[in-house]
Every structure is written in structure tokens, then in C-alpha cells.
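This report goes through selected features of one structure, from cysteines and aromatic rings to a pocket and some backbone details. The sequence and the structure come first.

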Amino acid sequence: MNIAIVGTGYVGLVSGTCFADTGVNVTCVDVDASKIERLQKGEIPIYEPGLDELVKKNVNAGRLKFTTDLASILNEQDIVFSAVGTPPDEDGSADLKYVLQVARTIGQHINKYIVVVTKSTVPVGTAKKVRQAIEEELQKRGVDVPFDVASNPEFLKEGNAIKDFMSPDRVVVGVESEKAKKALTRLYKPFLINNFRVIFMDIPSAEMTKYAANSMLATRISFMNDIANLCERVGADVNMVRAGIGSDTRIGRKFLYAGCGYGGSCFPKDVKALIKTADQNGYSMEVLKAVERVNERQKGVLFEKLVKAFGSVEALRDKTIAMWGLSFKPETDDMRESTALVMIEKLLKAGCKIRAYDPIAMDECRRRIGEQVTYCRDMYDAVLDADALLLLTEWKEFRLPTWAVIKKAMRNALVIDGRNIFDIEELEENGFEYHCIGK
């Protein structure tokens, strides 16, 4: 079976590589010639554990190829996946220009039946626009080539994407014909053999499922952050509250951790897009609007704790602040919508000097903000002469630091834990002032 994946970003490259690993012949396509050249040399443009090895394995096996020219390989394919970016417009809606560009290219060049599958996260109704764009190009050519459109949203977690793809909770596929369903059933046969759930449904429902899933997870995070902030005010412990409500099988334990806000490429963008879709259809998503407000407020909570610890914003001027973690979550270098970017902006505005360390994301941070912060060689270098330490990303290597060494290195023994990973008793025994979320 031959498939093409258009877009070699996070979703496209992981999906294409994993499909190749199941025995499918995959061609990954991207308009970025430098990126394709790097991939052809075996250089991976994103960080994802295990992806380097899997790409090399399937390239060497001849199942995974890369090109910039979709037109030249289009008529060799059985299925074409569109995994291009859908960045948010200024009004929060998803920008579909890249999705529709792919559709028009397909309409300009197909000569045989093909299934066109949207893998990108797109609003309900996008499949109709894709079909229309292809049909318009076919009409311009004066030809009648059969094709189907389908929706196959991704549910990959950055840092765990390969496992998520190969051992999925579910695979959601939206189709509108039996022929398309048959083609996608064949593609996903390895998953059916392993008894993973492949759920076929209509296309609008598949498009909505992705947004609904991410919005529910974002809601749980913002709900727990709201509860955590109230816990601090009434003397409760959010970790105990989480254990208490998480034991209810109707609620469950996942995504109930309080922290300093969610970020990344999915939750912020998808919540905004779903709110916008509702607005465009005459309905207001009041719960999600509150979720978004809570999250934006939560990204500033560590700065508020820092100000409180020093007594005023003015007292922060010329203070040195150590930051552990820059990516929005562990096991990725993704800083999109990260709390670290919000904190850096606030700290610099207050006149602070920042010493930052992240195991993976420092190059990405440098690309985004340049040399506005000092990039340190390790977590201990970051705390040198620091007046406070802020923990923003719960990388495993941060979980058991040698506090006695850190105490000697810091100018002022203050730790503000944005992910609740440290033991308050251990820190207090070592002479630290410790603050976290929800206690």
C-alpha cells in the first residue's frame, strides 16, 4: 500500500514514520526544501523520544521517503494525508490556507481514484471545503476523476507520540463512502489485528471529536487550577483533594494535577478554535471561555508568588531568578504557549536577570527570544547566585536534586514549585522557603 503524508511537522513525521513501520510505503512531502534535505540526511527537525531511530530504520528499509514535489508522486498513492499546519488566526479561528492549498494541488494533478484524508486538527465543515477545492480544480481541467475525502484526527501526546500511535486508545476515522472506509480499514488492519479500537463515524463527528477531546482535557486542568487557588485561601491541600476526587470512577485520576497552566500546540489553539466555531454558529461556549480565562491567569501565578515573597514588584529589580524548564511539558522542546515565555516576559519587565536551564528546549528558546536570558549548562549552574528558583517543567532530572549543594549555590534560599514535584519537608529541613500550587 502506498500513502503520502503532506507536512513533516510533528503530526506528519510521526504518523508517516509509524505507518512505514507497519509495512506501508510512505512518502512524506513538505514545501520546505531545507527540512526535506535534512530528513534525507537523517536529521530530525523535531525532538521526540525514539523518533530518530524509527526514521532511520524505515528509511534504510526503503519504506520511508521524502520529497518536496507532491505532484510527481501523487498518482502512485492510494491515500494522501494532509498533516499541514492550521495556525490560529487573530480571531482564534483555525487558518485553513495550507489545508486548502494541498487540496487544490491534488485537484490539479490526480488522474485516478484516491482517498484524501485530513490529519490536521480542523474545524467541523473543513472536509466539505477540501472536497469543493478539489472539485473546482478538476472542473478547471475539464476532467472527472473520482475521489473521496475523510477525516482521521490525531491524538498524539508530545513526548509519548510513538507509543500513542502504535498502541492507541482509539483511532477515529470519519468517512462518507464504503470505498473510503475499505481503504482506511486496510491501512489500519495492523491495529485491528491487535484489537485496538478503530471507530468509524461520519466526517463532521470525527472533526468535532478531536476538538471535544482536547477541550475536555483543558477543562480538567483549568478546573483543578481553580480548585488549587481556592485551596490556598481556605487552608486545604490540592493533592489530597485530587486523590479524593480521582478515586471516583466517574471522574478518574488523569489530568487532575494542579500547576502553572497548560500550553503547547494543541490545547490553547483548539480551545480557541472551538469557541470561535461556536460563535460563528450562534452559540457561546461559556465553560470553555472560562477555561481559557483561568489558564491565562494561571500562567502568572508563579510571578504573583514571587512578588509576594519579596514584598513588591519593585523589590525584584536586579534580582537573579533561576528557571528550571522552558518547554510546555517534559520530553519535548515545544515552547508554543509555554508558561516559561509568560514568566520570562514578566521577569524581564520587572528588571530581573534570568538564568535558565532545560534539558532539550534551550535552542528553541534562543530561537524565540535570543539572548535575553542566560542559558546554563545544567540545573546546578542555573541556581548560581540566584535569589529564587522557579520550577516550570517537571523533567525527571529535576525531581531529586541535591538541595544542600543548591542551598550553598544560591544567594537566597527560595523555591517556587510550579508543578508540585518537591517534598516540602525536605526543603524546609534544608533551610529553604518553599511555595507550590494549591497548598
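The sections below take up cysteines, aromatic contacts, a pocket, backbone angles and distances in turn.

**Basis**

This is a predicted model, in which local features need pLDDT of at least 70 and side-chain atom pairs count only at pLDDT 80 or more, while totals for chains, interfaces and linings use all residues. Residues are numbered from 1 along each chain as its sequence is written, and side-chain values use heavy atoms, with hydrogens and water left out. Helices (DSSP runs of H or I, at least four residues) and strands (runs of E, at least two) are numbered from the N terminus.

**Cysteines**

A search of the whole structure gives 0 disulfides, a disulfide being a pair of cysteine sulfur atoms within 2.5 Å. Cys 231 is in no disulfide, and the nearest cysteine sulfur, that of Cys 436, is 11 Å away. For Cys 436, the closest cysteine sulfur is the one in Cys 231, and 11 Å is too far for a bond.

Accessibility is given in three classes: buried is under 20% relative accessible area, exposed is over 50%, and partly exposed is in between (1.4 Å probe, protein chains only). Cys 231 is buried at 6% relative accessibility, and Cys 436 is buried with a relative accessible area of 7%. Cys 352, in the loop between helix 15 (339-349) and strand 10, also counts as buried, at 6%.

**Aromatic contacts**

The whole structure holds 13 aromatic pairs. Rings of Phe, Tyr and Trp (its six-membered ring) pair if their centres lie within 6.5 Å; planes under 30 degrees apart count as stacked, over 60 as edge-to-face and the rest as tilted. One pair is formed by Tyr 357 and Phe 398, which are edge-to-face, with 6.1 Å from centre to centre and 70° between the planes. Tyr 357 belongs to strand 10 (residues 353-357) and Phe 398 to the loop between strand 12 (388-391) and helix 18 (403-409), so this pair ties together parts that are 41 residues apart in sequence. Both Tyr 357 and Phe 398 are buried. They are members of one aromatic cluster together with Trp 324, Trp 403, Phe 422 and Phe 432.

Two lysines have their charge over a ring, meaning that NZ of Lys or CZ of Arg is within 6 Å of the ring centre and within 35 degrees of the ring normal. The charged end of Lys 179 is 3.9 Å from the centre of the ring of Tyr 113. Lys 181 lies over the face of Phe 200, at 5.2 Å from the ring centre.

**The second largest pocket**

The second largest pocket has a volume of about 1500 Å³. On a 1 Å grid over the protein atoms alone, a cavity is a set of points where a 1.4 Å probe fits but cannot get out, and a pocket is an open set with protein on both sides within 12 Å along at least five of seven lines; lining residues have an atom within 4 Å of a point. Grid points are joined across faces, edges and corners, and a volume is the space filled by probe spheres set on the points.

Of the 48 lining residues, Gly 9, Tyr 10, Val 84, Gly 85 and Arg 336 are the closest to the centre of this pocket. Two or more lining residues come from each of helix 1 (10-21), helix 4 (70-73), helix 5 (97-109), helix 12 (267-280) and helix 16 (362-369). Helix 5 gives the most, with 4 residues. The lining divides into 19 nonpolar, 13 polar and 16 charged residues, where Ala, Val, Leu, Ile, Met, Phe, Trp, Tyr, Cys and Pro count as nonpolar, Asp, Glu, Lys and Arg as charged, and the others, Gly among them, as polar.

**Backbone angles**

Most residues other than glycine have a negative phi. Phe 255 has a positive phi, near 60°, and is found in the loop between helix 11 (238-246) and helix 12. Its relative accessibility of 30% makes Phe 255 partly exposed. Asp 385 also has a positive phi near 60°; it lies in the loop between helix 17 (379-382) and strand 12 and is partly exposed at 41%.

**Distances between C-alpha atoms**

| Residues | Separation in sequence | C-alpha distance |
|---|---|---|
| Cys 352 and Asp 387 | 35 residues | 10.0 Å |
| Met 323 and Met 379 | 56 residues | 8.7 Å |
| Gln 139 and Met 323 | 184 residues | 57 Å |

Gln 139 is in helix 6 (residues 126-141) and is exposed at 61% relative accessibility. Met 323 is in strand 9 (residues 320-324) and is buried at 0%.
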